[in-house]
Amino acid sequence: MFPTSRPLRVMYQDEARFGRISDTRYCWAKKPTRPEVKGMLIYQYTYAYAAVSPQDGRMVSLVLPEVSGRCMQIFLDEVAQRYPDDNIVMIVDGAGWHKSNDLKLPENLRLLFLPPYSPELNPQEHLWDELREKYFHNRAFDSLGALEDQLVAGLRALEADHARVKSIAGWEYIINSISNAI
């Protein structure tokens with residue numbers, strides 16, 4: 001499968017859209033104060049690509065302008081560059097840009113596809129929930145640049161906190177399956 005024998009790294013990958021549409025949620029306030037949350041309806045979006053390694057809680061992320069084969073290629077190259085000493089099996093969903101004929105997989109990376117309509121099998125989905133909850137609810141952004149700055153800050157915080165990422169993505173059945181396969 002891989003031309004060179006190296007340690008195996010299993011990663012789960014996904015993309016998420018972040019936009020300037022506000023995400024309002026309930027929040028606590030002292031009585032009799034009624035909290036006010038700024039809302040907006042502006043249709044500007046950016047996309048986060050991320051892959052998580054449930055074994056050790058490591059994560060790679062990039063903020064890119066669209067979901068496409070071109071951006072997927074940039075992301076795959078980045079992951080392969082960050083882990084040059086590992087053979088990477090990246091588990092992805094069946095999005096069209098994941099199956100693009102134009103993708104040139106790096107020598108140390110292979111794709112494995114999840115069954116159709118099964119986002120619940122991808123632990124990266126839960127990291128999006130964490131990111132949205134901790135960095136985006138009840139927030140309004142003056143510009144797409146401000147939103148991207150907040151997104152980058154949240155992704156960097158997750159990338160730096162391996163224990164937190166592992167606690168979210170390190171599902172027992174995944175860890176056991178990887179351990180038994182190695």
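In this predicted model, helix H2 meets helix H4 through a defined set of residues. His126, Leu127, Glu130 and Tyr135 contribute from H2. Arg164, Val165, Ile168 and Ala169 contribute from H4. Sorted by class, the contact of H2 with H4 holds five nonpolar, one polar and two charged residues. Two packed helices are described by the angle between their axes and the distance between the axes. Here H2 spans residues 124-135 and H4 spans residues 162-169. Their axes lie 9 Å apart and make an angle of about 125°. The two helices are therefore oblique to each other. The crossing of H2 past H4 is right-handed.

The protein as a whole contains five helices and five strands. Along the sequence, these elements follow the order β-β-β-α-β-β-α-α-α-α. The C-alpha trace spans about 65 × 35 × 30 Å along its principal axes. The chain has 182 residues, of which 43% count as buried. Among contacts with a separation of 6 or more, 69% come from residues 24 or more positions apart.

Gln124 also belongs to helix H2. Its relative accessible area is 0%, so Gln124 is buried. Not counting residues up to four places away in sequence, Gln124 touches Tyr12, Gln13, Asp14, Ala50, Ala51 and Val52.

Ala16 gives a view from strand E1. Ala16 counts as buried, with a relative accessibility of 6%. Beyond residues up to four places away in sequence, Ala16 touches Thr46, Tyr47, Ala48, Trp128 and Arg132. Tyr47 is 31 residues from Ala16 along the chain. Even so, the C-alpha atoms of Ala16 and Tyr47 are separated by 5.6 Å.

Met72 was examined in helix H1, which covers residues 69-82. Met72 is buried, and its relative accessible area is 0%. With residues up to four places away in sequence left out, the contacts of Met72 are Gln13, Glu15, Tyr49, Val92, Trp97, His98 and Leu103. Gln13 thus appears in the contacts of Met72 and in those of Gln124. Ser118 lies 46 residues from Met72 along the chain. The C-alpha atoms of Met72 and Ser118 are separated by 20 Å.

Charged pairs were then considered. Side chains of opposite charge can pair when their charged atoms come close. A search of the whole structure finds ten salt bridges. One of these joins Arg6 and Glu107. The closest N and O atoms of Arg6 and Glu107 are 3.0 Å apart. Arg6 lies in the segment before strand E1 (8-19), and Glu107 lies in the loop between strand E4 (87-92) and strand E5 (109-113), so the pair ties together parts that are 101 residues apart in sequence. Both partners are partly exposed. Arg6 has a relative accessible area of 22%. For Glu107 the value is 40%.

A further salt bridge links Asp56 with Arg9. In this pair, the closest N and O atoms are 2.9 Å apart. Asp56 sits in the loop between strand E2 (45-53) and strand E3 (58-64), whereas Arg9 sits in strand E1, so the bridge ties together parts that are 47 residues apart in sequence. The partners fall into separate accessibility classes. Asp56 is partly exposed, with a relative accessible area of 27%. Arg9 counts as buried, at 11% relative accessibility.

Asp56 also pairs with Arg58. The closest N and O atoms of Arg58 and Asp56 are 3.6 Å apart. Arg58 is partly exposed, its relative accessible area being 35%. Through shared partners, salt bridges join Arg9, Asp56, Arg58 and Asp86 into one network.

Note on methods. Residues numbered from 1 in each chain as written. Predicted model: local features only at pLDDT ≥ 70, side-chain atom pairs only at ≥ 80, totals over all residues. Heavy atoms only, no water. Axes fitted to C-alpha atoms, helices over the stretch in contact; angles between N-to-C directions. Helix = DSSP H or I, 4+ residues; strand = E, 2+ residues; numbered from the N terminus. Parallel < 35°, antiparallel > 145°, perpendicular 65-115°, else oblique. Left-handed = near helix turned anticlockwise from the far one by under 90°. Contact = heavy atoms within 4.5 Å. Nonpolar A, V, L, I, M, F, W, Y, C, P; charged D, E, K, R; others polar. Salt bridge = Lys/Arg side-chain N within 4 Å of Asp/Glu carboxyl O. Buried < 20%, exposed > 50% of the residue type's maximum accessible area, 1.4 Å probe, protein only.
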